[in-house]
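Me: I would be grateful for a close look at a single part of the structure shown here. Please begin with that part and then set it in its wider context.

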Amino acid sequence: MAKRYATGTLAVQDVGLTIERGDFLALLGPSGCGKSTLLRMIAGLDAPSAGSLEWADSAARRDIGFVFQEPTLMPWSTALRNVTLPLELAGVARPEAEQRARHMLARVELAGFENAYPRQLSGGMRMRVSIARALVTKPRLLLMDEPFAALDEITRFRLNNDLLKLWQDERFTVVFVTHSVFESVFLAERIVVMAPRPGRIAAERRVPAEDRAAAEFRTSPIYAAHCREVSHALSDAMAA
Amino acid sequence: MSDNELLPEYQEPGFLGLSYTMWLRILAPSLIGLLTLGAWEWAVRYYEVPRYILPGPILVAETLVRNWGSLSVSLGITLQITFMALAVAASLGLALSVLFAQSRIIELSLFPYAVILQVTPIVAIAPLIIIWVDNIQVALLICAWIVAFFPILSNTTVGLNSTDRNLVDLLRLYGASPWQVLWRLRLPTAMPYFLAGLRISGGLSLIGAIVAEFVAGSGGRASGLAYRILEAGYQLQIPLMFAALVLVSGTGIVIFLALSLLSHLLLRRWHESAGAGDRR
């Protein structure tokens, strides 16, 4: 899958980016660098004012899961019915939709909470429901807009681990917007550093899979080295 | 690694299945009510106020029981108008607000007229409506409806417009039709607002029905509670007047409680306003 994009809007300018199938790509940058705008354009929620997106496989265009910064659940529906929503909109029959949703809730470790309403769930659990809803259609592309920014650090680490595991098992493509250097290094193989005013791509860094395989990656010297490098790239981008 | 547990619902300590707060909410107003009635009865007897000026509460109660046969018929007639007006107000208010939510132009063109209808005193236009509309029942219904429908219309319109933008985006992402967005998103979001409007409109439709009956009163065919109040006033049967008044107020309270209960039952599982820790 490849897409190329360029626009003359103030939010994002002259962005050219190719995303390969199976990538875990982080868009890293300060607020106002247009990373969310870019994500919304990939999702088709906003149209680029110049330039275009090209899809190597045009069917992938409609095959997207999206996770917002807030869990964005329907408060009047149970966890299960929140997760079946995309399937029901796609015309999947109720029994099959529920079965798939149950399976997906179990994957995000929420088995037993199918009938809980969002207000009964903690922030981390709500976000898990949101992730289950995004993945229940088995999308080829998962777009995440600072999904864990509002969570406490312990919950964030846990969800980072779980997301990574899901990605390693299923190998969907992820574009993950974040303003955390540490989160981007921990999760992503490709880190695209963006600079603000106007939003543009400033640098790209890679964290090879073999580095991530290191024991206790989050506390390893390799992790620290990558964080330092990405941090520098980010400071350079903001100074430029 | 399990932080997975349901957040505990707030449970207040209580007595006989009701929380202490709930008992306070029942007992304190009851006590005030009893004290007031007692003082009233005492004052009437002590100062020997004639019954055609101010009857005591015991006499009013006796009159109510003695005239229950005819009063209950009038109550039935008033209730019929009230509930029909409320039903029409609810369905038409809901339908109009959905229409408003679908088209900004329709909302901007029609909403001012809804406001005009709302701010025009019903007593002033009720005679016109009663002259124009031959069927007195229909005329009363229209009057009660005019008073009752605005809170539902304006509340539901606000509710339909307060949909979570991200959820709208999400549904668009999955290719939902405008109809699906309305049905799955906007209407459930508007539900608490609609129910709050309904609670206000319940009381208003009773007031509308009574006011219209007052205006139509001399027509004589519609012998609702308002007509009984008028009639009792002409004949200086003040205890009967009070008895009818008690019925009107009681009906209003029952309507409000019933609609509050309906709202609670529909929202308790998901909406903050109906939570276990509700203190209003």
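In which loop of chain B is the place of Glu48(B)?

Reply: The model is a predicted one. Glu48(B) is found in the loop of chain B that runs between helix H1 (20–46) and helix H2 (57–66). The backbone at Glu48(B) has a positive phi of about 50°, although Glu48(B) is not a glycine. Glu48(B) counts as exposed because 6 C-beta neighbours lie inside 10 Å, and the cut-off for an exposed residue is 12 or fewer.

A second residue of chain B invites the same questions. Leu236(B), a residue other than glycine, also has a positive phi, near 55°. The place of Leu236(B) is in the loop between helix H9 (225–234) and helix H10 (238–267) of chain B. With 11 other C-beta atoms within 10 Å, Leu236(B) is exposed.

The helix before this loop may be considered next. H9(B) is followed by Leu236(B), and H9(B) itself has buried residues, namely Leu225(B), Ala226(B), Tyr227(B), Arg228(B), Ile229(B) and Ala232(B). The cover over these buried residues includes helix H3 (68–102), helix H8 (178–216) and H10 of chain B. Within H9(B), then, Ile229(B) is buried, whereas Leu236(B), in the loop after the helix, is exposed.

These loops and helices belong to a chain whose overall form can also be described. Chain B has 10 helices and two strands. From the N terminus on, the two strands come before the helices, in the order β-β-α-α-α-α-α-α-α-α-α-α. The C-alpha atoms of chain B fill a box of roughly 75 × 55 × 30 Å along the principal axes. The radius of gyration of chain B is 24 Å, whereas a compact globule of 280 residues would have a value near 19 Å. Of the 280 residues in chain B, 32% count as buried. Among contacts in chain B with a separation of 6 or more, 73% are accounted for by residues 24 or more positions apart.

Chain B is also in contact with chain A. This contact takes 26 residues from chain A and 21 residues from chain B. On the side of chain A that touches chain B, at least two residues each are supplied by strand E2 (64–67), helix H2 (79–89) and helix H4 (123–135) of chain A. By class, that side of chain A divides into 17 nonpolar, four polar and five charged residues.

Chain A has its own internal division. The domain assignment gives domain 1 (1–63 + 141–160 + 171–240) and domain 2 (72–139) of chain A. The centres of these two domains, taken over C-alpha atoms, are separated by 26 Å. Their contact takes 11 residues from domain 1 of chain A and six residues from domain 2 of chain A. Strand E3 (141–145) and helix H5 (153–170) of chain A each supply at least two residues of the side of domain 1 that touches domain 2. H5(A) gives the most to that side, with three residues. The side of domain 1 of chain A that touches domain 2 has eight nonpolar, one polar and two charged residues.

A residue of chain A may serve as an example of local packing. Arg100(A) lies in helix H3 (residues 94–107) of chain A. Arg100(A) is partly exposed because 17 other C-beta atoms lie within 10 Å. Leaving aside residues up to four places away in sequence, Arg100(A) touches Leu87(A) and Val136(A). Arg100(A) and Val136(A) are 36 residues apart in sequence, and the distance between their C-alpha atoms is 6.8 Å.

The nonpolar cores complete the account. In soluble globular proteins, nonpolar side chains tend to be buried together. The largest nonpolar core in this model has 79 residues, and those with the most contacts inside it are Leu28(A), Val83(A), Leu105(A), Ala132(A), Leu143(A), Val192(A) and Met194(A). H4(A) gives the most to this core, with seven residues. Domain 1 and domain 2 of chain A each contribute at least three residues to this core. Leu143(A) touches Leu39(A), Ile42(A), Ala43(A), Ile64(A), Gly65(A), Phe66(A) and Val175(A), not counting residues up to four places away in sequence. Apart from this largest core lies another, of 55 residues, among them Cys143(B), Ile146(B), Phe194(B) and Ile229(B). Ile229(B) has already been named as one of the buried residues of H9(B).

Terms used
Residues are numbered from 1 along each chain as its sequence is written. Chains are lettered from A and ligands numbered from 1 in the order in which they are written. This is a predicted model: local features need pLDDT of at least 70, side-chain atom pairs count only at pLDDT 80 or more; totals for chains, interfaces and linings use all residues. Domain bounds come from an automatic or database domain assignment. Two residues are in contact if their C-beta atoms, placed from the backbone, lie within 7 Å. Helices (H or I, at least four residues) and strands (E, at least two) are DSSP runs, numbered from the N terminus. Ala, Val, Leu, Ile, Met, Phe, Trp, Tyr, Cys and Pro count as nonpolar, Asp, Glu, Lys and Arg as charged, and the others, Gly among them, as polar. The radius of gyration is taken over C-alpha atoms; the globule rule is 2.2 Å times the number of residues to the power 0.38. A residue is buried if 20 or more other C-beta atoms lie within 10 Å of its own, exposed if 12 or fewer, and partly exposed in between; C-beta atoms are placed from the backbone. A nonpolar core is a set of buried Ala, Val, Leu, Ile, Met, Phe, Trp, Tyr and Cys residues joined through C-beta atoms within 7 Å.
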